[in-house]
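Subject: Structure handover

Hello,

Here is the structure you asked about, with the sequence alongside. My notes follow below it.

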Amino acid sequence: MLVSSDDDQLLAALGDAVRARQAVPYAFVEMGKGAYAWHHIDAELAQLTYDSGTDRIAAVRSETASVRALSFASAHLSMELEVTEDCLLGQVIPPRAGTLEAQTGAGASTKTTVDEIGCFAVDPIPASPFRLRFRAADGTDVLTGWVTL
């Protein structure tokens with residue numbers, strides 16, 4: 001059986017594709033699997049609606065703000081976050097008590113209590129990337145997208 005130059009090119013292209021797949025960092029593969037795993041979960045997704053780190057108006061100030069603000073919104077609630085030097089401070093709006101779980105891309109998670117006025121603190125700041133999942137006794141279950149600080 002003779003191998004043509006077209007076959008050689010095809011084999012070379014396939015070899016390149018295999019090597020490119022092997023070059024994908026393990027953490028990216030795991031984050032992709034984790035994101036797909038949530039495809040059929042009942043948690044409502046909250047989208048990032050504001051990030052002071054990318055706000056053009058805030059960028060023209062003469063001094064840098066020491067606190068970064070993030071806002072997430074879903075159909076039923078929003079989450080306001082302030083990123084300080086050593087922790088995340090936040091509030092669920094409308095206010096309600098529940099549990100907040102910070103999940104990292106490496107698979108670690110920490111839980112904290114959300115009080116009756118919707119306030120919470122995550123200390124220390126989770127390793128990036130991370131996402132937040134809020135659950136309330138009334139069945140509310142909201143998951144943010146991945147956040148990288």
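How many residues lie between β8 and β9 in their hairpin, and which residue in the turn has a positive phi? There are five residues between the two strands, and the residue with the positive phi, about 100°, is Gly-139. Please keep in mind that this is a predicted model.

Overall picture

The protein chain has 149 residues, and 32% of them count as buried. Three helices and nine strands make up its elements. Read from the N terminus, the order is α-α-β-α-β-β-β-β-β-β-β-β. The accessible surface comes to about 9,800 Å², with carbon and sulfur atoms holding 57% of that surface. Among contacts with a separation of 6 or more, 49% are between residues 24 or more positions apart.

The sheet

The nine strands form an open sheet with mixed pairing, in the order β6-β5-β8-β9-β1-β2-β3-β4-β7. At the edges are β6 (109–114) and β7 (119–122), each of which pairs on one side only. From one strand to the next, the twist averages 25°.

Strand β9 and its neighbours

Strand β9 covers residues 141–144. Asp-141 and Leu-143 point one way from this strand, Val-142 and Thr-144 point the other way, and all are buried. In the sheet order, β9 sits between β8 and β1.

The two pairings of β9 run in opposite senses: β1 (residues 44–51) and β9 are parallel, joined by three bridges, while β8 (residues 130–135) and β9 are antiparallel, also over three bridges. On the β1 side, Thr-144 has Ala-46 opposite. On the β8 side, Asp-141 is the bridge partner of Arg-135.

Arg-135 and Asp-141 also meet through their side chains, in a salt bridge whose closest N and O atoms are 3.7 Å apart. Asp-141 is buried, with a relative accessible area of 18%, whereas Arg-135 counts as partly exposed at 34% relative accessibility. Arg-133 belongs with these two residues in a network of salt bridges.

Strand β5 and Gln-103

On the other side of β8 in the sheet order is β5. Six bridges join β5 to β8, and the two strands run antiparallel. One of the pairs here is Glu-101 with Arg-133, its bridge partner in β8. Arg-133 is therefore worth a look from both sides, because Arg-133 is also linked with Arg-135 and Asp-141 in the network described above.Gln-103 lies in β5, which covers residues 98–104. Is Gln-103 buried or exposed? Its relative accessibility is 11%, so Gln-103 counts as buried, the cut-off being under 20%. The Gln-103 side chain makes a polar contact of 2.8 Å with the side chain of Arg-131. Another polar contact, of 3.4 Å, joins the Gln-103 side chain to that of Glu-101. From C-alpha to C-alpha, Gln-103 is 9.0 Å from Ala-127, a residue 24 positions away in sequence.

Salt bridges

Side chains of opposite charge can pair when their charged atoms come close. How many salt bridges does a search of the whole structure find? The search finds five. The pair Asp-141 and Arg-135, described above, is one of them.

A second pair is Arg-19 with Asp-16, with the closest N and O atoms 2.6 Å apart. Both residues lie in helix α1 (residues 5–22), three residues apart, about one turn of the helix. Asp-16 is partly exposed, with a relative accessible area of 45%.

Arg-96 and Asp-138 form a further salt bridge, and their closest N and O atoms are 3.4 Å apart. Arg-96 is in the loop between β4 (88–93) and β5, and Asp-138 is in the loop between β8 and β9, so this pair ties together parts that are 42 residues apart in sequence. Which of these partners is buried? Arg-96 counts as buried, at 18% relative accessibility, while Asp-138 counts as exposed, at 55%.

Regards

Definitions and conventions:
Residues are numbered from 1 along each chain as its sequence is written. This is a predicted model: local features need pLDDT of at least 70, side-chain atom pairs count only at pLDDT 80 or more; totals for chains, interfaces and linings use all residues. Side-chain values use heavy atoms; hydrogens and water are left out. Helices (H or I, at least four residues) and strands (E, at least two) are DSSP runs, numbered from the N terminus. Buried means under 20% relative accessible area, exposed over 50%, partly exposed in between (1.4 Å probe, protein chains only). Contact means heavy atoms within 4.5 Å. Accessible areas come from the Shrake-Rupley method with a 1.4 Å probe; for residues, only the protein chains shown count as cover. Two strands pair if DSSP finds at least two bridges between them. A polar contact is a pair of N or O atoms within 3.5 Å; within protein, one must be able to donate a hydrogen and the other to accept it, and residues adjacent in sequence count only if both atoms are side-chain atoms. A salt bridge is a side-chain nitrogen of Lys or Arg within 4 Å of a carboxyl oxygen of Asp or Glu. Axes are lines fitted to C-alpha atoms, for helices over the stretch in contact, and angles run from 0 to 180 degrees between N-to-C directions.
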